Amino acid sequence: MRLLTPVAFIAPLILLVSNCGSGPAPETLTPAPAALPEAHVDPATAGSISGRILFEGKPPVMPMIDMSSNPSCERQHKAPAKAQTVVVNPNGTLRYAFVWIKDGLIPARWTPPAETVQLTQSGCIYAPHVTGLMVGQTLEIINEDPVNHNVHAEAEVNQAWNISEAPKDEHKLRKFAKQEILFPMTCSVHPWMRSYIGVSSHPFFAVTGEDGAYTLKGVPPGTYTIEVVQEKLGRKEGKVTLSASGTATIDFTYGS
Ligand SMILES: [Cu+2]
């Protein structure tokens, strides 16, 4: 057996001693950036901002999605599914428009809700087509299909990622660290699969539904820039002033 020399015994002891010095701890050398104050909304003066996202002109015809390359996907649809790139509701409004307060809020740290936001792969289509959630909130990704999907967050401000999700797999949970409005969520297996994610640092955002309307509730009084983002038709913004306990309305109109 090889005997250890006295030096081999002493060296680790010297290292231990040097680590117990009385100098400043490393973290005190680089002060943390000033944290934003926690957001506070006075319910006595909060109001709401609402409106509709209108579409003027002839609605574009959305193509049928060709799933023939994957019969397991195709079999789940009685009739071919339509692309959801531009969806005009029967009342002449736009569905799947993301609306949010782009500017005007006092800088603050907003706490995300504990509830997860679900994104489901069903019939090899993402549902909902557009999803909004807060920075730090959990996105729960579900695969209801009998096929493998590959969930690809094509984020640019946030870290992009690409994960596979097998049928009946455990739901994948992901959070986003930064505000980013909007970025595509695609599937590397099925090229037609495409949805959009909006990550907001505050809770004042909405995605329009079948009525093409939105309401942002619990907003402090102030003057705000409201922005609408539509994946194909682009961005529009407008200013609105909300009085204490008031309601403000701002509509946006896209055209063909
Ligand atoms: Cu897929």
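Helices (H or I, at least four residues) and strands (E, at least two) are DSSP runs, numbered from the N terminus. The model is predicted: local features need pLDDT of at least 70, side-chain atom pairs count only at pLDDT 80 or more, and totals for chains, interfaces and linings use all residues. Residues are numbered from 1 along each chain as its sequence is written, and side-chain values use heavy atoms, with hydrogens and water left out.

**Exercise 1. Place Pro128 and describe the peptide bond that leads to it.**

Step 1. Pro128 sits in the loop between E6 and strand E7 (130–134).
Step 2. The bond from Ala127 to Pro128 is cis, with omega near 0°.
Step 3. A second cis bond runs from Ile181 to Leu182, with omega near -15°. Leu182 belongs to strand E12 (residues 180–187).
Step 4. For background, most residues other than glycine have a negative phi, and most peptide bonds are trans.
Step 5. Pro128 is also one of the residues in contact with Ser195 (contact means heavy atoms within 4.5 Å). Leaving aside neighbours within four places in sequence, the other contacts of Ser195 are Leu119, Tyr126, His129, Phe183, Pro184 and Met185.
Step 6. Ser195 lies in strand E13 (residues 194–200). Its relative accessible area is 0%, so Ser195 is buried (under 20% relative accessible area; exposed is over 50%, partly exposed in between; 1.4 Å probe, protein chains only).

**Exercise 2. Find the disulfide and state which parts it ties together.**

Step 1. A disulfide is a pair of cysteine sulfur atoms within 2.5 Å. Searching the whole structure gives one.
Step 2. The pair is Cys73 and Cys124, with sulfur atoms 1.9 Å apart. The angle about the S-S bond is -70°, and the link is left-handed.
Step 3. Cys73 lies in helix H3 (residues 71–74) and Cys124 in the loop between E5 and E6, so the link ties together parts 51 residues apart in sequence.
Step 4. Both Cys73 and Cys124 are buried. Cys124 has a positive phi of about 60° although it is not a glycine.
Step 5. Ser245 also has a positive phi of about 60° and is not a glycine. Ser245 is in the loop between E17 and strand E18 (247–249), and its relative accessible area of 46% makes it partly exposed.

**Exercise 3. Give the strand order of the open sheet that contains E5 and name its edges.**

Step 1. Two strands pair if DSSP finds at least two bridges between them.
Step 2. The order is E6-E5-E8-E11, with mixed pairing.
Step 3. Strand E6 (125–127) and strand E11 (172–175) are the edges: each has a single partner strand, so one side of each lacks a neighbour in the sheet.
Step 4. Strand E5 (residues 117–122) and strand E8 (residues 138–143) run parallel and are joined by five bridges. Leu119 stands opposite Ile141 in E8.

**Exercise 4. Describe the surroundings of strand E16 and of Ile226.**

Step 1. In E16 (residues 222–230), eight of the nine residues are buried.
Step 2. Strand E4 (residues 98–103) runs antiparallel to E16, with five bridges between them. Val99 faces Val228 in E16.
Step 3. Nine bridges join E16 to the antiparallel strand E17 (residues 234–242). The two form a hairpin with three residues between them, and Ile226 has Gly238 in E17 as its bridge partner.
Step 4. Not counting residues up to four places away in sequence, Ile226 touches residues including Ile49, Val99, Ile101, Tyr214 and Phe252.
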